[in-house]
Amino acid sequence: MFSNKYHDLALLLRQRIAADEYREVLPPVRTLCLEFGVSMQTMHKAIRNLAESGLVRPTPRGTFLRRITPEYGQRLNAGIVGIVSQPECQLEKDFFIVALTRTLKEYGLESVLIQAEKRVLVNTEFWRNPKFCGYIFVYRSFYSVLAHQLRMANTPYVAANYLPETLPGHWVDFDSESLWREMVQTLLNMNFTRIALAVNFQNDKAPEHCHGIWQRLTRSFGIHNYLPSVDDFSNSEATFTKWLNSKPPPEVVIPVHGYPHQLKKKFQELGHPIKIAALKQDVYEQNYAMLAQTTVEVFTAVVNNLPNCSCRNLVAWHHAEFELI
């Protein structure tokens with residue numbers, strides 16, 4: 001029935017839990033295996049998926065449903081999650097928001113995209129809306145003032161695809177170091193040795209984080225570092241001109257935050273045909289789906305007020321295939 005796809009089975013069990021078909025405890029594993037026609041291994045994987053999401057607690061005496069703490073119970077029953085993003089984000093064109101919306105729906109949660117002005121968001125009463133079970137902030141929509149307002153409103157939240165390490169709360173992001181390491185190694189195997197990293201950041205702490213990673217990677221691989229200073233982490237024409245005046249200039253550039261064609265155009269305008277290592281679209285979609293899955297798992301754990309829920313959650317990239325343009 002499930003072709004050994006445990007995640008499909010986990011989704012069906014999650015739907016039954018949401019519909020109150022199971023109350024205190026799940027039926028015995030052997031009973032579930034007979035009912036759904038799956039192996040013990042597949043069923044255990046499905047239950048482990050539910051446990052990681054904070055929905056159940058496996059014990060030697062059975063698999064118990066987790067109780068929701070009183071302060072969050074009413075919000076969770078509302079089943080609406082606010083996805084807070086910057087105004088320029090477009091739901092239908094954003095890989096991550098599309099995957100996040102889809103994953104929340106699989107968990108039985110509806111979502112609403114919130115793109116309000118800052119003067120609205122800094123109002124504590126805005127975050128006390130009983131229709132919402134909590135909020136997921138994507139990209140740079142989260143900042144220190146909001147952390148204070150959310151604490152005052154006693155509202156659960158998670159920051160996703162962002163690195164607010166100095167701010168309180170829980171966050172989920174890609175492990176960029178594993179991705180760039182794999183891409184650099186592949187380029188070296190293709191006999192490229194002059195490699196640069198191009199970022200697309202504005203005013204936040206992300207350049208400092210990426211600067212530290214890139215310093216480690218260039219030292220580890222023994223390649224020339226075209227970004228020795230944190231001030232070099234920009235997509236300005238001055239930075240690119242500095243690269244092109246280097247002896248020798250980069251052969252290939254790895255773009256951060258996926259803007260390869262705009263980057264290619266910039267170098268063409270500067271009269272230098274540098275190659276761009278662009279991740280394939282299906283790679284983006286697959287990895288953002290994994291990021292969305294982890295984000296929702298952390299979010300449900302936060303809403304359920306589970307103990308030992310890590311604040312810092314990094315998701316490794318898989319299948320980092322790219323093409324040179």
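**Notebook: strand β7, helix α12 and aromatic pairs**

I began with a bridge in this predicted model: W171 has R312 of β11 as its bridge partner. I then looked at how the two strands run, and found β7 and strand β11 (residues 312–315) parallel and joined by four bridges.

Next I turned to strand β6 (residues 157–160), which pairs with β7 in the parallel sense over three bridges. Here H170 of β7 stands opposite V158.

I asked myself why β7 may be called largely enclosed by the rest of the structure. Five of the five residues of this strand (residues 170–174) are buried, so the description follows.

I looked up helix α12 (residues 281–303) and noted 23 residues. From its first C-alpha to its last, α12 reaches 32 Å, close to the expected 33 Å. Just after this helix, I recorded a positive phi of about 60 degrees at N305.

I went on to the aromatic rings. I recalled that a pair of rings is described by the distance of the centres and the angle of the planes. The count came to 17 aromatic pairs. In one of them, W127 and Y135, the centres are 4.7 Å apart and the planes stand at 90 degrees, so I entered this pair as edge-to-face. The rings of F132 and Y135 have centres 5.3 Å apart and planes at 25 degrees; under 30 degrees counts as stacked, so I entered this pair as stacked.

I checked burial for these residues as well. Y135 is buried, with a relative accessible area of 1%, and F132 is buried at 12%. W127 is also buried.

Lastly, I noted a cluster linked by ring pairs: F95, F96, Y139, F174, Y284, Y288 and W317.

Terms used: Residues numbered from 1 in each chain as written. Predicted model: local features only at pLDDT ≥ 70, side-chain atom pairs only at ≥ 80, totals over all residues. Heavy atoms only, no water. Buried < 20%, exposed > 50% of the residue type's maximum accessible area, 1.4 Å probe, protein only. Pairing = 2+ DSSP bridges. Expected span 1.5 Å × (residues − 1). Phe/Tyr/Trp six-rings, centres within 6.5 Å; stacked < 30°, edge-to-face > 60°.
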